[in-house]
Amino acid sequence: GLERGAKNQFSTFGNFITTLNQKKEGIGNRNSPTRLVIPNISNVKSDLPPICLDVRQKQRISIDTLPQELKAPVPPEPSLPARTKTVKDFQDDVEKAKSSGDWKAVHYFYSTTFDSFLDINAAFKKDTNSPFNTIEDSGIDAKFVNVVYDALLNTPQDVQKSVLKGVINGLLQEWKGPRTKDDLRAYCILLQNPQFSNTSTYVIYAHLLRQIAALTEADHHFLVHWSKKISQRRFKQLVDRLLQFISLRLFPAKPEEFPPMVKCAWWIPSATKVLSLFNAANSLISPPIISYTDFYNSTLDHIDLMEEYHNWQCYGNSHRFSFCQYPFIISIAAKKVIIQRDSEQQMISIARQSLVDKVSRRQKPDMNMLFLNVKVRRTHLVSDSLDELARKRADLKKKLKVTFVGEAGLDMGGLTKEWFLLLIRQIFHPDYGMFTYHKDSHCHWFSSFKCDNYSEFRLVGALMGLAVYNSITLDIRFPPCCYKKLLSPPVVPCNHNTLVGISDVTLDDLFQIMPELAHGLSELLSYEGNVEEDFYSTFQVFQEEFGVIKSYNLKPNGDKIPVTNQNRKEYVQLYVDFLLNKSIYKQFSAFYYGFHSVCASYALLLLRPEEVEILVCGSPELDMSALQRSTQYEGYQKTDLTIRYFWDVVLGFSLDLQKKLLHFATGSDRVPVGGMADLNFKISKSETSTNWLPVAHTCFNQLCLPPYKNKKELKQKLIIGISNAEGFGLE
């Protein structure tokens, strides 16, 4: 019903707000964070109290532990009106109204329930005599709220309007002192109103969001914990509603529906701040309520991201809003654009400086000086690469060019990809001893063996940095906690004595690497017998290094401290910390500094650990149908018989063969951030005998396919080709 007569509705609410505002003239102190008068919607104020935290200056606040000073005294709760309507009573009223057409009882319920925050609490509070002042229980009868809102959109328009008028009335009331928990409950309930999915209600929705955004941090603390109790479906609806609000304010389908942007500049910051509360709630639960990707707003992919990034860099410590202050809303594709452009600007800046230095010394410029030129021998791949990167440390942020000594090949991307592939394969080989492969988890982890020189770990870190910098996907299998450690901290500290690569690790992190050991520790935690007598363990662990068993104390005098039922949690936590942090600290710190020697950028602050993994390794999720849709052809048409044979064969391949095909044609078996379309995959007609195997140009992601006469021959030749291919040219 709200779709009809939207313009008349605007006029009605505008006059209603104006009338109420005229009655409130003279009530001052508009800057008070606990008081807000909603002006006429045709003249909306644009001043919004600063609500954005600068992520560079302030670490993410733990939702579970707030400073004592943030826990404001709880004001006395006012007495609530007596309401006796139950869910069953309400449902009966709705059914009667539908059958009789008489909506008076339902209309009365909605108009009185939403007329004020007190009325909202009277209707939906589980027990009006209980304070419900804890974060664990909001005291809201969620079932009743859901039933009332589910029925709302099917009621006549005058019923729906009465609800919106009641919401306005509640928002216009004067608030003095800190908010009560009843006020927070009302905000929590009002946020779930499905009417706010309609653009005609956005002015009211915006003011609701503004008030919630301006609440104290202690009040946000309660809202966050209460929000995590919302069902998954409704939680997702709330998030989607906020994302839609932001998108339509940025790119309105009908601009005349909204006030001018200059008069409501606070809309988007308010909505983004409230969205951050739901993101915090989502992060508190393991597994999360919804995926972190559900908070992405793809609309932001179409705004000037670099302007957002530069605003954040330049004004991050001020009250100027930037989406980069809330990186959870920026998609991985948009973050990749920011990182790439930031990398390009750094590359150009360094190359320009090299050119200026040459000219100032009156030396002849050489185009090679604009690139990071790496020359290696295949027989000495690791040592040559290590020497080259160490010698050319100042050039790491230039565009990478690779040459294999003694081979004719112009690097247009293919040689770089092959260098990465061969180097990674050699370094991660078990015989090399740098990394241990865990079969149960199918991932690599750092070897804890002590050595004199950790420069090769720095090389691996630099390789990962170069891959991100040069948009190359690597075939590396690190567990998720590796990327969490890589961002601890995301910017290299100025003080070199500061520990790096140390993160808060849990038993869940150990499960992702050594599931069998983690399961054993989990059994220890849940053991119901006498741990000290039955396990006879101490705070000491043993590791084998080159055939020698070595012992390490998890705490001072740990070998003399028995593990008991009382201290077993501490034992497990110290054991996990030892395995994932302390025992490999030198290896990982070298790896950390290697990565950041290339990727040092504030843009890393925007990334989650999972997103770093996708940028480095690409996504393992293959969609060959999507590749088929985006493939370009040269010499073939997509309707040609050979092409139809090809896709019939490829779509019928096992996942392993599909990965081999992708690796054969592109140099990597993973999908870049932008999906299969970003591969720019091309199939060209090869004017050779059908006795020949297919040929690939990995630098162009191009497959050259002879016109095989039948599907069986094509399948046979294709499998032979993709299963036996490596090196530039034939040896």
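Before we start: two residues are in contact when heavy atoms of theirs lie within 4.5 Å. Keep in mind that this is a predicted model.

**Exercise 1.** Find what covers the buried residues of helix α13.

*Solution.* Start by listing the buried residues of α13: among them are Ile332, Ala334, Lys335, Lys336, Ile338, Ile339 and Asp342. Further along the list come others, including Met347, Ala351 and Ser354. Now look for what touches them: the cover includes α12, the strand β2 (399–404), α16 (455–469) and α23 (609–617). Check the α12 contact from the other side: the buried residues of α12 pack against α13 (332–360). In α12 (residues 305–315), those are Leu305, Met306, Glu308, Tyr309, Asn311 and Trp312.

**Exercise 2.** Work out whether the end-to-end distance of α13 agrees or disagrees with the span its 29 residues should have.

*Solution.* The expected span is 1.5 Å times one less than the number of residues. For the 29 residues of α13 that gives 42 Å, and the end C-alpha atoms are 42 Å apart, so the two agree. Just past the helix, Arg362 takes a positive phi of about 60°.

**Exercise 3.** Decide which side chain of opposite charge is nearest to Lys336, and whether Lys336 has a salt bridge or none.

*Solution.* First, place the residue: Lys336 sits in helix α13, and it's buried. Next, find the nearest opposite charge, which is Asp678, 4.5 Å away. A salt bridge needs the nitrogen and the carboxyl oxygen within 4 Å, and Lys336 has none. Finally, see what Lys336 does touch: leaving out residues up to four places away in sequence, its contacts are Ser471, Leu615, Pro672 and Val673.

Terms used
Residues numbered from 1 in each chain as written. Predicted model: local features only at pLDDT ≥ 70, side-chain atom pairs only at ≥ 80, totals over all residues. Heavy atoms only, no water. Buried < 20%, exposed > 50% of the residue type's maximum accessible area, 1.4 Å probe, protein only. Helix = DSSP H or I, 4+ residues; strand = E, 2+ residues; numbered from the N terminus. Lys, Arg positive; Asp, Glu negative; His and termini not counted.
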